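Thanks for coming. I have a few points on helices and backbone geometry, so please have the sequence and the structure open.

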Amino acid sequence: MKIRIANRTDAGQMLEIYTPFITHSAVSFETKVPSVKEFAIRMKHYMKTYPWLVCEHDNRIIGYAYASGYRDRKAYQWSCECSVYVRDDFKRRGIAGILYSALLDILRLQGFINVYAVITYPNHRSIKFHEAMGFREFAVFRKVGYKSGKWHDVKWYGLMLSKHRLKPKNPKRFRLIASGSNVERIIAAANKKLEESAGRPGFEPGVFRSRV
């Protein structure tokens, strides 16, 4: 297993992971599965500014984590959103946490201060996961989304990556630092954690399933 920066050629496999969350749940509020081309264009747009990471096993992508914009207005530029998705047969083995840790470290390196996770409720496993990563609930939007014949609540969770200083520097765009040594070190540390986790009992493929 290894974690690396995503690229547009990964779009098809990443979309395979994401599609069930569109078609069989309200985890995502998207109602139509995008084409691979549309997904690749989405990646290209966001990766100019935000990191997208994948975890692969035997040349197959088994999970990915990414950040995206919170709001477009300039005053919001220090805030972003994040998400993580893992294939069913590789869940509950620490992969999501390792991907997220690397993603948050890169966002911190870039100079982002606030990161948010938006969780359709109920999803207790995802809530437990985000709380374990240090996120805390700060808002509930009641019946804000309608999908699959139901109105759904959404809970917002936030994590402060660094202090809210006066006159903060603008966050660095990811494409400008992606090949730098600091990002390489973060990914190398994540891969070391993966290697250590793989030796623990219960890490065999297909053992665990969940909706995290």
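Where is the place of Arg92? This is a predicted model, and in it Arg92 sits in the loop between strand S4 (79-86) and H3. The reason to stop there is the backbone: phi of Arg92 is near 60°, a positive value in a residue other than glycine. As background, most residues other than glycine have a negative phi, and most peptide bonds are trans.

From that loop we go on to H3. Its 16 residues should span 22 Å at 1.5 Å a residue, and the end C-alpha atoms are 23 Å apart, which agrees. H3 is mostly covered, with twelve of the 16 residues buried. Among the buried ones are Ile95, Ile98, Leu99, Leu103, Ile106 and Leu107, and the list also includes Tyr100 and Gln110. Just after H3 comes Gly111, with a positive phi of about 105°.

There is another positive phi to note. Ser148 is not a glycine, yet its phi is about 55°. Ser148 lies in the loop between strand S6 (136-147) and strand S7 (150-160). Is Ser148 buried or exposed? Its relative accessibility is 64%, so Ser148 counts as exposed.

Next, the peptide bonds. Which residues does a cis peptide bond join? They are Tyr121 and Pro122, with omega at about 5°. Pro122 is in the loop between strand S5 (114-121) and helix H4 (124-132).

That leaves H6, residues 181-198. H6 has 18 residues and reaches 25 Å from its first C-alpha to its last, close to the 26 Å expected at 1.5 Å a residue. Which residues of H6 are buried? They are Val183, Ile186, Ile187, Ala190, Leu194 and Ser197. Seen down the axis of H6, these buried residues fall within an arc of 90°, so they line one face of the helix. The spacing is familiar: an α-helix has 3.6 residues a turn, so residues three or four places apart point the same way. On the other side of H6, Arg185, Lys192 and Glu195 are exposed.

And what do the buried residues of H6 pack against? Their partners are strand S1 (2-5), strand S2 (52-57), helix H3 (95-110) and helix H5 (174-177). That brings us back to H3, the helix that follows the loop holding Arg92 and one of the elements the buried residues of H6 pack against.

That is what I had. Comments are welcome.

Key
Residues numbered from 1 in each chain as written. Predicted model: local features only at pLDDT ≥ 70, side-chain atom pairs only at ≥ 80, totals over all residues. Heavy atoms only, no water. Helix = DSSP H or I, 4+ residues; strand = E, 2+ residues; numbered from the N terminus. Expected span 1.5 Å × (residues − 1). Buried < 20%, exposed > 50% of the residue type's maximum accessible area, 1.4 Å probe, protein only. Arc of directions from axis to C-beta. Contact = heavy atoms within 4.5 Å.
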